[in-house]
Amino acid sequence: MSRPLPPQQSILMPRGHNVRALITVLAIMAFLAALALLFSRATSRLSGDWQAQLSNSATVQISLAPLSTENDFETQMDQAAESLQSILGSEAKVTVVQQSQSRELIRPWIGNLELPESLTLPGLITIETAGNSGAPNAVLLETQLQKNGIVASVDDHSRWTDQIRGTARLLVFGGTSLLILLLVAGISVNLFATRSAMAAQRSIISVLAQVGATDGFIARLFVGQAGRRSASGAGIGLILAWAIWSALSLFSSVPELFWSGWGEALNDTLWLFGLWVLFVLVCAIAAGLATKRALIRERKRA
Amino acid sequence: MTRSEPNSKSPGLNTKARSTERPDIIAFRDVGLRYGRGPEILSDVNLTLPQGSFSFLTGPSGAGKSSLLKLCYLALAPSRGHISTFGQDAALLDNRETQAVRRRIGVVLQDFTLIDHLSVFENVSLPLRVAGQSRAQYTQDVTELLQWVGLGHRMQAFPSTLSGGEKQRAAIARAVIAKPNLLIADEPTGNVDPEIGRRLLRLFAEMNRMGTTVMIATHDIDLIQELEARVFRIEDGRIYKGLNAAPDFEETYS
């Protein structure tokens, strides 16, 4: 009884020159690309959270009339709060910031010094609107308060949300650009590797042409090789990035930047998987095009 | 041996003289070949290989035998003149058509051109794999052929471990496995002992009997005299008729 044949061998050299080094380079690129993607998504998510918090709130600074007693402050602030509540409706949350709280807010800005009790601080009221209705219109609110005899300045945080939005967009753009650059670098590395592999395997290509292999058949061999190489390299890089991000999510001192729950982790993992597919695809396509071009050039030279 | 005059007629056009009308597998008309700006290696070559013919190509080393064979299997394009393969003008074939023609041609070269990291089995099955056949489809054919050429016990061996004769037989097996319409061999018995040489010649003759057109380039006069076949002698880049020409050859060229 004859022995069973071993599995079909790869027509191209299975471990070409410098394959390990090439996989390492691809892994590093994929790792950096994955970090760029994760940072972009984290920035986007974080800025979204901050904007959501700020856009539904406003801070009202009440210009107090001269105070004679402590009760005077409370009375004036309660009146202002009632007035705000009546303007905004019962769904809005109107909170008077106590003087002691104001002192705590200010203290870090003056070198953690204790403020004298006699120093009267501006009266602050915070407003949180319900749902996604956004911050109240500052000018309108000021006018309405003035009609009720209260002089106040309203900060709807739009200056901050605009800055956060702008900064976040810039960071996401930077991350996306870095991602694209790394993909382009990955393509270049694969083009170079494919050309070098073709040069090293010229005799095999010549045999294949001799037995009637079309350009498409030969290109598919190199596409398969580049695809496997990229899949390994990108896989290693992305898994490493995922592991580091997971560890940072568990142990970082700034947990809000990283994954705060399974939903975010799963979502980002799907994005990483998409990046892996994209990486493998573009590298394989680049290898295919490089092979076809080289074969055509070789034929013209012959 | 007397040297004949160069054949100046165009055999491809001289079809009336033939005893039987057979389409030409290969027809050269006024073909010239030069590499780069060097001198012409082949000049005014006119020859035809009718379907089912068996031809030898002989001549001294460096006369242009290998170049002529390369023109036959479209590895080179002529500098001038026309080559027709399987009834198609070779100059007009695109890559896909050229490769389709090559799949109908089996080639055995002097340097064997076996792929080092593939086993004998994988090397021999390469034309079938390229043609899109599955392993299950070709395993039996490849195994039988390898046994026939005496390599049944070396199927999983790699070319680097084979002797010259074994490499030669593996290269021949690869050339014939796809049952080509045209078989071109360059010194196919150069590295094998006489017994194996005769056995391989019988394989070529058997393939020819089944309809394959065969052209063998060789120095081996004994091999040429084993069969009654057309003989082309090439010298100084020109084709001469020669030696024990077959009857239809005499009719064509006399």
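1. Helices and strands here are DSSP runs, numbered from the N terminus, with at least four residues for a helix and at least two for a strand. On that numbering, Gly134(A) falls in the loop between β3 (123-128) and α4 (138-147) of chain A. Keep in mind throughout that this is a predicted model.

2. Staying with that loop: is Gly134(A) buried, exposed or partly exposed? Gly134(A) has 14 C-beta neighbours inside 10 Å, so it counts as partly exposed; the buried class starts at 20 and the exposed class stops at 12. Setting aside neighbours within four places in sequence, Gly134(A) touches Ser55(A), Asn56(A) and Thr129(A). His157(A) sits 23 residues away along the chain from Gly134(A), and the C-alpha atoms of the two are separated by 11 Å.

3. Before going further, a word on confidence. The model scores ipTM 0.79 and pTM 0.75. For chain B the mean pLDDT is 82, with 86% of the residues at 70 or more. Among the elements of chain B, helix α3 (residues 120-130) has the highest mean pLDDT, 95, and helix α8 (residues 247-253) the lowest, 43. Two stretches of chain B have pLDDT below 50: residues 1-19, with 35 contacts in the model beyond near neighbours in sequence, and residues 243-254, with 26 such contacts. Where pLDDT is low, the predicted coordinates should not be read in detail.

4. Now the overall make-up of chain B. Its secondary structure comes to eight helices and ten strands, and 45% of its 254 residues are buried. If you take the chain B contacts with a separation of 6 or more, 69% of them join residues 24 or more positions apart.

5. Where do the two chains meet? In the model, 15 residues of chain A are in contact with 20 residues of chain B. On the chain A side, the elements that give two or more residues are α6 (202-210) and α7 (215-251). Helix α6(A) provides the largest share, four residues. By residue type, that side of chain A splits into nine nonpolar, five polar and one charged.

6. Don't mix up α6(A) with α6 of chain B, which is worth a look of its own. What length should α6(B), residues 194-209, have? At 1.5 Å a residue, its 16 residues should span 22 Å, and the end C-alpha atoms are 22 Å apart, so the two agree. Just past this helix comes Gly211(B), with a positive phi near 115 degrees.

7. The two sides of α6(B) make a nice contrast. Gly197(B), Leu200(B) and Phe204(B) are its buried residues. Because they cover an arc of only 65 degrees around the axis, they lie on the same side of α6(B). The general rule behind this kind of pattern is that an α-helix has 3.6 residues a turn, so residues three or four places apart point the same way. The packing partners of the buried residues of α6(B) are α5 (164-176), β7 (182-186), β8 (213-217) and α7 (221-226) of chain B. On the face turned away from the buried side, α6(B) carries the exposed residues Glu195(B), Arg202(B), Glu206(B) and Arg209(B).

8. Next, the nonpolar cores. The largest has 119 residues, and those with the most contacts inside it are Ala30(A), Ala34(A), Leu146(B), Ala173(B) and Ile184(B). Helix α1 (residues 19-55) of chain A gives the most to this core, 14 residues. A second, separate core has 14 residues, including Ile127(A), Leu141(A), Leu145(A) and Ile150(A). As for Ile184(B), its contacts outside the four nearest places in sequence are Leu69(B), Cys72(B), Tyr73(B), Ile105(B), Val107(B) and Met215(B).

9. Finally, two backbone angles to check. Most residues other than glycine have a negative phi, and most peptide bonds are trans. Phe112(B) has a positive phi, near 65 degrees, and lies in the loop between β6 (105-108) and α3 of chain B. Phi is also positive for Lys179(B), near 50 degrees, in the loop between α5 and β7 of chain B. Which of the classes, buried or partly exposed, does each belong to? Phe112(B) counts as buried because it has 20 C-beta neighbours inside 10 Å, while Lys179(B), with 14, counts as partly exposed.

How values were computed. Residues are numbered from 1 along each chain as its sequence is written. Chains are lettered from A and ligands numbered from 1 in the order in which they are written. This is a predicted model: local features need pLDDT of at least 70, side-chain atom pairs count only at pLDDT 80 or more; totals for chains, interfaces and linings use all residues. Two residues are in contact if their C-beta atoms, placed from the backbone, lie within 7 Å. Ala, Val, Leu, Ile, Met, Phe, Trp, Tyr, Cys and Pro count as nonpolar, Asp, Glu, Lys and Arg as charged, and the others, Gly among them, as polar. The expected span of a helix is 1.5 Å times one less than its number of residues. The arc is that of the directions from the helix axis to the C-beta atoms. pLDDT is the predictor's confidence in each residue, from 0 to 100. A nonpolar core is a set of buried Ala, Val, Leu, Ile, Met, Phe, Trp, Tyr and Cys residues joined through C-beta atoms within 7 Å.
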